[in-house]
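Biologist: Please take a close look at one part of this model for me, the second largest pocket. I would like its lining, then the helices that supply it and how they pack.

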Amino acid sequence: MKIFCRLTNTPFSRINEVLDLVDLLDRKYDKVSNYSYGMKQRLGIAQALLHDPKILILDEPNNGLDPIGVNQIADIIYKLNHDGKTICISTHSLTEVDRLCSDVAILKLSLIHISAPTRLGMISY
């Protein structure tokens, strides 16, 4: 994390902030090789948040996670959105879209449709 701070001219104090946000502060000194897959996903989000971006792009954030990990990532996404972050999620899971998104863009070779997730069931492709 210190390397990422140096690369982005971010103060080291931000490390504890983002680790706390993703619930990894108590595991700060553990080897990453001992982390579960879900913990590694959360660490990746923490790294992306170090320089406090306005927009966060997540590619399949729940891929390979157990139900607890899925809920943890969802909680992080909710909190980030509540704090004013714009979050773009790439996913194949319409359930995930319905649960996490306020706006949806469907892509298939080109833009097909933009709507609120509640209208996804009415669209045929």
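Modeller: This is a predicted model. The second largest pocket has a lining of 14 residues. Those nearest its centre are M1, K2, I15, L19 and K28. The space inside comes to about 280 Å³. By class, 9 of the lining residues are nonpolar, 2 are polar and 3 are charged.

Now the elements behind that lining. Three helices each supply at least two residues: α1 (2-8), α2 (13-21) and α3 (37-49). α2 gives the most, with 3 residues.

Take α2 and α3 together. Their axes are 9 Å apart, and the packing angle is about 140°. Angles over 145 degrees would count as roughly antiparallel. At about 140°, α2 and α3 are therefore oblique to each other. Their crossing is right-handed. On the α2 side, the contact uses R14, V18, L19 and L21. On the α3 side, L43, A46 and L49 meet them. This contact has 6 nonpolar residues, no polar ones and 1 charged. L19 thus appears twice: it lies among the residues nearest the pocket centre, and it takes part in the contact of α2 with α3.

α3 also packs against α4. The two axes come within 10 Å and cross at roughly 20°. Angles under 35 degrees count as roughly parallel, and α3 and α4 are therefore roughly parallel to each other. α3 passes α4 in a right-handed crossing. From α3 come Q41, R42, I45 and L49. From α4 come Q72, I73, I76 and L80. The residues of this contact divide into 5 nonpolar, 2 polar and 1 charged. L49 of α3 serves both contacts: it meets α2, and it meets α4.

α4 leads on to the largest pocket. That pocket holds about 720 Å³ of space, and 21 residues line it. The elements giving two or more residues to this lining are α4 (67-82), β2 (86-90), α5 (94-100) and β3 (104-108). β2 gives the most, with 5 residues. Nearest the centre lie I89, C101, D103, V104 and A105. The lining has 14 nonpolar, 6 polar and 1 charged residues.

In short, follow the helices from one pocket to the other. α2 and α3 both supply the lining of the second largest pocket. α3 meets α4, and α4 gives residues to the lining of the largest pocket.

Key. Residues numbered from 1 in each chain as written. Predicted model: local features only at pLDDT ≥ 70, side-chain atom pairs only at ≥ 80, totals over all residues. Heavy atoms only, no water. 1 Å grid on protein atoms, 1.4 Å probe; cavity = no way out; pocket = protein on both sides within 12 Å on 5 of 7 lines; lining within 4 Å. Points joined across faces, edges and corners; volume = space filled by probe spheres on them. Helix = DSSP H or I, 4+ residues; strand = E, 2+ residues; numbered from the N terminus. Nonpolar A, V, L, I, M, F, W, Y, C, P; charged D, E, K, R; others polar. Axes fitted to C-alpha atoms, helices over the stretch in contact; angles between N-to-C directions. Parallel < 35°, antiparallel > 145°, perpendicular 65-115°, else oblique. Left-handed = near helix turned anticlockwise from the far one by under 90°. Contact = heavy atoms within 4.5 Å.
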